[in-house]
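Visitor: Hi, could you walk me through this one?
Guide: Gladly; let us put it on the screen and then take your questions in turn.

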Amino acid sequence: MILTFPDKTKREFPSGVTPAEVAAIIGQGLKKVALAAKVNGRLVDLDTPIQSDADIKIITYEDDEGKEIFWHSTAHIMASAILHLYPKAKLAIGPAIPNDFSARFYYDIDLPQPLTEDDLGAIEAEMSKIIAKDLPFKRLEIPIEKAIKKFNDEGDIYKAEMVSEFESETVSLYTHGDFIDMCRGPHIPSTGKVKAFKLLSVAGSYWRGDENKKMLWRIYGVSFPEKKMLKEHLEKLEQAKLCDHRILGKALDLFSINDDIGPGLVLWHPKGAIVRNIIENFWREEHLKNGYELVYSPHIAKINLWHKSGHLDFYRDSMFDPMPVEGQQYQLKPMNCPFHIYIYKNKKRSYRDLPFRWAELGTVYRFERSGVLHGLSRVRGFTQDDAHVFCRPDQLEDELLKLLDFNLFFLKAFGFNEYETHLSTQPEKYVGSQEIWDKATEALKMALRKKELEYKMDPGAGVFYGPKIDVHIKDAFGRAWQCTTIQVDFNLPEKFGITYTGEDGSEHQTVMVHRALLGSIERFFGVLVEHYAGNFPVWLAPVQVKILLVVDEVNDYADRIADMFVSSGVRVEVDKRNQKIGYKIREAETLKIPYMLIVGKKEASEGKVSVRKHRIGDIGLTDPRSILAELLQKIKTRSID
RNA sequence: GCCGGAGUAGCUCAGCUGGUAGAGCAGCUGAUUCGUAAUCAGCAGGUAGUGGGUUCAAAUCCCAUCUCCGGCUCCA
């Protein structure tokens, strides 16, 4: 029989050969790192005999599939360790999670007693024993009926529930040592392949992700084929932790959230507020340059507005309670769109006037459940960089194309060059006709195609009034954050009766596009802080230049330099404290100030400054005017280095 | 909202099985005028998240509550 390898080479093997044997024949090195195989596109265990001609690929940790198999097998090892220590534990599910930033696998377990992170050490120790024994993973298949009986008899209610929903005749089980678990497989050949692992955390999680079902214990972990990789991974996690915007926000004095004020409500300190102002000013200028007009709307309005829009039906639980005002109910606004709709409705609109592009940095309030609040990324009061485009159906596509361009321009300006684009379609609960939905979805698809943007379908993830394109940006750590959302809406225009007078003299329904590019200014700011690790590029840095005095004799000279920079619009601070220069430098470095100008007698007498760049160090004596020019150039071009 | 963990000075943290709260940094005062990541000395700073309870005695044990952290669920 002939096996064909990925490089198209063919080799003859006896029928019934296993991938493990094939790997060994190719080389002992490959045999050692082989984890599974792909035979005719199907992943199988290394000991699965191959009976006839096939395409074969030996899967190692280098392959994405190999990684998942490796991590998933570690989850099995963890589960077996847990059963050793807690015989009453019932297993639920334990997948690999390749897209998670910190963990690589988890297992959900039902346990009668609480589990804390202190218990992880014991589980790790037990896992080490199982790994040391280098137990082989073995596959067996049994008829579904038998499996159901087995799980029921053993009280394995979660496995029993899952297997009872399978439609196949048989189900596969995997064992290693005394452990047995239902699993599609494949698995690594033996437990000894796991050379390094760590259990990271314990958390609650609902069975099947349903908050009405029982809460199970979820243990997250990571594993690797080499010790070095674990070390690197843990260092990366450590690094990310130090870049956490909640930590940097405190260290750099950017913002705070205070109990006395309320959870999820942000106080922007001067240093954070200046960055926000720069972002917002940039945003406004660019919107004006790109055919938008700026509007403002109130923070509260009669609740009927949300009744009419339909938001109340869908999001009542996430809205703050209404407040009575002179016998009427008023609502703290959870979004801006109804206001913009009423600006539109303020007078009759002609087809000649469309499109209108109305933008607002609109602060909205949403009642987020207490457990979900998180720094700046999940808050109860936040500012959307919102806009609504009102256009004719024939203008829609062009507007969407413009929007996609405009969006990428913004994301690039802030240093985000990697994105994931999602197209979210009709959810289960929605308003409007199928025809309208299809039309809206088609318009979004068409725009994505014309821009040649790759996108993933996200079925059912649209908004109740329309489908949307979401853009997730990737930060410096490779984590994805949802920022941009672009939503086509034929439904609210219908509900609010917004129309334009056409060329033919009759009224036509207007099309609306809702969009936020940065999303929430709060969250975007948090992402930026982490992306830059607090090292803001010059144009955004709260303090761009710090002038550090060596001796106080040069006070007047330092003031003159400072004035020169300030009058050019540069944000400067002067450190005149009676401290050693090393102390001042250390502090300025800690505060991540991009430019330090050191001024002593030497500089004053020569009319120069010593420049020290953050994270780079001393770059020597320079004419202050040349460094000012360099700064102004960077600010003007919004240079990100 | 749910599960678990945690809340001690402005910040970072220490404080054994209950015995009356401590360090570094920051702050203030003074000395020092100093050249590329921390000068020295002194002073001040806490009703231990909050409210109850147990006890001769509570930061420490118990209950409630608030907030935060890790997740789950949710996210117009």
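**Contacts with the RNA**

Guide: This is a predicted model, and in it an N or O atom in the side chain of Tyr 220 lies 3.0 Å from a sugar or linking oxygen of RNA strand B.

Visitor: Okay, and what does the side chain of Arg 378 sit by in RNA strand B?
Guide: An N or O atom in the side chain of Arg 378 is 2.5 Å from a base oxygen of that strand, while Gly 204 uses a backbone N or O atom, which is 3.2 Å from a sugar or linking oxygen of RNA strand B.

Visitor: Which elements give two or more residues to the surface near RNA strand B?
Guide: Among them are strand S11 (196-206), strand S12 (215-224), helix H8 (245-251) and helix H18 (581-590), and H18 provides the largest share, with six residues.

Visitor: How many residues surround RNA strand B, and which are the closest?
Guide: There are 55 residues around the strand, and the closest are Tyr 206, Ser 370, Asn 578, Arg 586 and Glu 603.

Visitor: How do those split into nonpolar, polar and charged?
Guide: The residues of this surface comprise 21 nonpolar, 16 polar and 18 charged.

Visitor: And on the RNA side, what share of the atoms is sugar or phosphate?
Guide: Counting the atoms of RNA strand B within 4 Å of the protein, 48% belong to sugar or phosphate, and the rest belong to bases.

Visitor: Switching topic, how far apart are domain 2 and domain 5?
Guide: Their C-alpha centres lie 56 Å apart; in the domain assignment of chain A, domain 2 covers 64-242 and domain 5 covers 545-637.

How values were computed. Residues numbered from 1 in each chain as written. Chains lettered and ligands numbered in written order. Predicted model: local features only at pLDDT ≥ 70, side-chain atom pairs only at ≥ 80, totals over all residues. Heavy atoms only, no water. Domains from an automatic or database assignment. Near = heavy atom within 4 Å. Polar contact = N/O pair within 3.5 Å; in protein donor to acceptor, adjacent residues only side chain to side chain. Helix = DSSP H or I, 4+ residues; strand = E, 2+ residues; numbered from the N terminus. Nonpolar A, V, L, I, M, F, W, Y, C, P; charged D, E, K, R; others polar.
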